[in-house]
Amino acid sequence: MHTEFQRVATALDRSAVTLVLTGAGVSAASGIPTFRGADGLWRKYRVEELATPGAFHRDPALVWEWYQWRLGLVRGSAPNPAHTVLAELGTRFAGLWIVTQNVDGYHRQAGSRRLLEIHGSLQRSRCLECGTRKPTPLQPGIPYCSCGGMLRPDVVWFGETLPVAALQQSLELAQNCDLFITAGTSGLVEPAASFMSIAAANGALTVEINPIPTAVSNQATVLLRGEADQVFPAIWSILEDKI
Ligand code: BJW
Ligand code: ZN
């Protein structure tokens, strides 16, 4: 059947270094809303207006309300088959890395270990005064540190720099991988949006998993038009049959 699925399964089997870049669509089947889709709306705000240092400075209670709502959804749900298959693939292929823009922690929860969380984590907060990091408390209102400073979600907002080591490692993987798979991301937010073209320029086979065309579809050699929680299990079953 699906020759494109077969092609990706074979490429995974042969690849020394594989980079899988994931975005919000990978957690959609867990009931976590994406940012820019029809279900991605929250009240009348756009992510570009809420996920910024300026928004937090102007109205920390509003921004915290948004993050508390999302944290509640994340803690009340669980990883889906896309996460679990990616964790299985990581066990089977020692050269497979996941770079995620997601802050829900589901890849780690599913068991992935060669994992770079380049936009931080919703599960963690940090103090604006003393810099201490701690698990995000699930509580209404603005949480404070024991030093009295205000806590903020330990995520990367627009205009902020990504964690240096994770970004550096991601760029090296993009340059050195044989196979690059982007899944469930609109490809609009930099620098992650450039990873596929970096991989393509260095000779990697590039694959996109997404039900609809995106800003980076033109960089992909193989287009798997479907939902990540179905496409990854389909690829996994081809690999299982091979053994
Ligand atoms: C399914 C599915 C299913 C649905 N299966 N798929 C160069 C040029 C222009 C601008 C810039 C530039 N370099 C930097 C910038 C500025 C900015 C930027 O990129 N702006 C653009 C909007 C143009 N970037 C930054 O500021 C970054 N910082 C930086 O680069 O620092 C240096 C610098 C600063 C300033 C200027 C220049 C340099 C930081 C970006 C931080 C992004 N932060 C957020 C919030 C994180 C915390 C949180 O989660 O709250 O990250 S924004 C939001 O977007 C979040 C996401 O990780 C990110 C990406 O979203 P994603 O994952 O792609 O989700 P969606 O909703 O967009 O797409 C979902 C997709 O899934 C869709 O395609 C669906 O079809 C699909 N889907 N169901 C598979 N079942
Ligand atoms: Zn503090």
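A polar contact is taken here as a pair of N or O atoms within 3.5 Å; within protein, one atom must be able to donate a hydrogen and the other to accept it, and residues adjacent in sequence count only if both atoms are side-chain atoms. The structure is a predicted model, in which local features need pLDDT of at least 70 and side-chain atom pairs count only at pLDDT 80 or more, while totals for chains, interfaces and linings use all residues. Residues are numbered from 1 along each chain as its sequence is written, chains are lettered from A and ligands numbered from 1 in the order in which they are written, and side-chain values use heavy atoms, with hydrogens and water left out.

Ligand 1 is surrounded by 36 residues (a residue is near if one of its heavy atoms lies within 4 Å), of which Tyr67, Arg70, Thr185, Ser186 and Glu190 come nearest. By class, this shell comprises 18 nonpolar residues (Ala, Val, Leu, Ile, Met, Phe, Trp, Tyr, Cys and Pro), 6 charged residues (Asp, Glu, Lys and Arg) and 12 polar residues (the others, Gly among them). Polar contacts are made by side chains and backbone. An oxygen atom of ligand 1 lies 2.8 Å from a side-chain N or O atom of His119, and a polar side-chain atom of Thr185 is 2.6 Å from an oxygen atom of the ligand. The protein buries 75% of the 1500 Å² that ligand 1 exposes when taken alone (Shrake-Rupley method, 1.4 Å probe). Two or more residues of the shell are given by helix 4 (60-76) and by helix 9 (228-242), helices being DSSP runs of H or I with at least four residues and strands runs of E with at least two, numbered from the N terminus. Helix 4 provides the largest share, 3 residues.

The zinc ion (ligand 2) is coordinated by the SG atoms of Cys127, Cys130, Cys145 and Cys147 at 2.3 to 2.4 Å (donors are N, O and S atoms within 2.8 Å of the metal, or 3.2 Å for Na, K and Ca). The angles among the 4 donor atoms are 101 to 118 degrees, and the site is tetrahedral (all angles between 85 and 135 degrees). Along the chain, the donors follow the spacing C-x2-C-x14-C-x1-C. Cys130, in the loop between strand 4 (120-127) and strand 5 (133-135), and Cys145, in the loop between strand 5 and strand 6 (151-155), are 15 residues apart. Cys130 is partly exposed, with a relative accessible area of 42% (partly exposed lies between buried, under 20%, and exposed, over 50%; protein chains only), whereas Cys145 is buried at 8%.

Note on methods:
Tetrahedral: all angles 85-135°; square planar, octahedral: opposite > 155°, others 65-115°. Buried < 20%, exposed > 50% of the residue type's maximum accessible area, 1.4 Å probe, protein only.
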